[in-house]
Amino acid sequence: MARLRLAVLISGRGSNLQALIDACAAADYPAEIVLAVSNEPDAAGLERARRAGIPAETIDHREFSDRKAFERALDWPLAGADVGLVCLAGFMRLLTPWFVERWRDRLINIHPSLLPAFPGLDTHARALAAGVRIAGCTVHFVRPAMDRGPIVVQAAVSVEEGDDAASLAARVLAAEHRCLPLAVRLIAEGRVRVVGERCEIAGAAAPFSPLISPSPSGCG
Ligand code: GRF
């Protein structure tokens, strides 16, 4: 079967892009990255793509008069490369309904919280301030409202005593690197169906044991 053609949109470090690059290196992975685009010219992720032989380009939003013009410029290479799924992986621009609708159910985002909790920026600091004991990440189809849309994959991690935003972010990021390739795989295998703004996933098995935090075994 033909591999699903991915574009990955980034703005910075690109560690989630790297997770996808690594997943795509496996012969049996059902997707391939055909394009990486950054809105920031010095995004480190661009170099990761180039090292992997993936066409990588910058489309700098500052060079456009408005969002619509920027998004048209973004859309052009995606359509030209016959992209089947667009992955927002640390892409720090809000997309207008025009772009989101154009790529409806072919556009996913990864966010470092258990949505719908803590959408937006400073996620980890807000989660810690709220005192949550379990944090996590979400891969979801994109809708016009920020960090909203049908959920494909989530992972939960525990919050540890003494965590700060950086240590929690690092733990969540490790989970992100597993969730994004998994979500892409499920979509590429045709197992994900959006029904009434929820995802149905064919053959999905949920883990048996709950994640309890703090661990009951440490609480005598
Ligand atoms: C990740 O935490 C992602 O969830 C968020 O932005 C961060 C991007 O990290 N949307 P990287 O550029 O993939 O390393």
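How far is an oxygen atom of the ligand from an N or O atom in the side chain of Glu-176? In this predicted model, the separation between these two atoms is 2.5 Å.

**View 1. Polar contacts between the protein and the ligand in the predicted model.** Besides the pair formed with the side chain of Glu-176, in which an oxygen atom of the ligand takes part at 2.5 Å, a polar side-chain atom of Arg-13 is placed 2.5 Å from an oxygen atom of the ligand. Ile-110 contributes through its backbone, where an N or O atom lies 3.0 Å from a nitrogen atom of the ligand. On its own the ligand has 370 Å² of accessible area, and the protein covers 85% of it.

**View 2. The pocket and the shell of residues around the ligand.** The ligand takes up the space of the largest pocket, and helix 1 (15-24) and strand 5 (107-111) are the elements that give two or more residues to the shell around it. The residues around the ligand are Arg-13, Gly-14, Ser-15, Asn-16, Gly-90, Ile-110, His-111, Pro-112 and Glu-176. Sorted by class, this shell holds 5 polar residues, together with 2 nonpolar and 2 charged ones.

**View 3. The loops on either side of strand 5, with Asp-105 and Pro-116.** Asp-105 belongs to the loop between helix 4 (97-102) and strand 5, and its phi is near 60°, which is a positive value in a residue other than glycine. Pro-116 is located in the loop that runs between strand 5 and helix 5 (123-130), and the peptide bond leading from Leu-115 to Pro-116 is cis, with an omega near 10°.

**View 4. The cis peptide bond at Pro-214.** The bond from Ser-213 to Pro-214 is modelled as cis, with omega near 5°. Pro-214 is found in the segment that comes after strand 9 (198-201).

**View 5. The whole protein chain, as context for the close-ups.** The chain has 6 helices and 9 strands, and its C-alpha atoms fill a box of roughly 60 × 40 × 35 Å when taken along the principal axes. Because a compact globule with 220 residues would have a radius of gyration near 17 Å, the 18 Å of the protein chain agrees with that expectation.

Conventions
Residues are numbered from 1 along each chain as its sequence is written. This is a predicted model: local features need pLDDT of at least 70, side-chain atom pairs count only at pLDDT 80 or more; totals for chains, interfaces and linings use all residues. Side-chain values use heavy atoms; hydrogens and water are left out. A residue is near a molecule or strand if one of its heavy atoms lies within 4 Å of it. A polar contact is a pair of N or O atoms within 3.5 Å; within protein, one must be able to donate a hydrogen and the other to accept it, and residues adjacent in sequence count only if both atoms are side-chain atoms. Accessible areas come from the Shrake-Rupley method with a 1.4 Å probe; for residues, only the protein chains shown count as cover. On a 1 Å grid over the protein atoms alone, a cavity is a set of points where a 1.4 Å probe fits but cannot get out, and a pocket is an open set with protein on both sides within 12 Å along at least five of seven lines; lining residues have an atom within 4 Å of a point. A molecule sits in a cavity or pocket if more than half of its atoms lie within 2 Å of its grid points. Helices (H or I, at least four residues) and strands (E, at least two) are DSSP runs, numbered from the N terminus. Ala, Val, Leu, Ile, Met, Phe, Trp, Tyr, Cys and Pro count as nonpolar, Asp, Glu, Lys and Arg as charged, and the others, Gly among them, as polar. The radius of gyration is taken over C-alpha atoms; the globule rule is 2.2 Å times the number of residues to the power 0.38.
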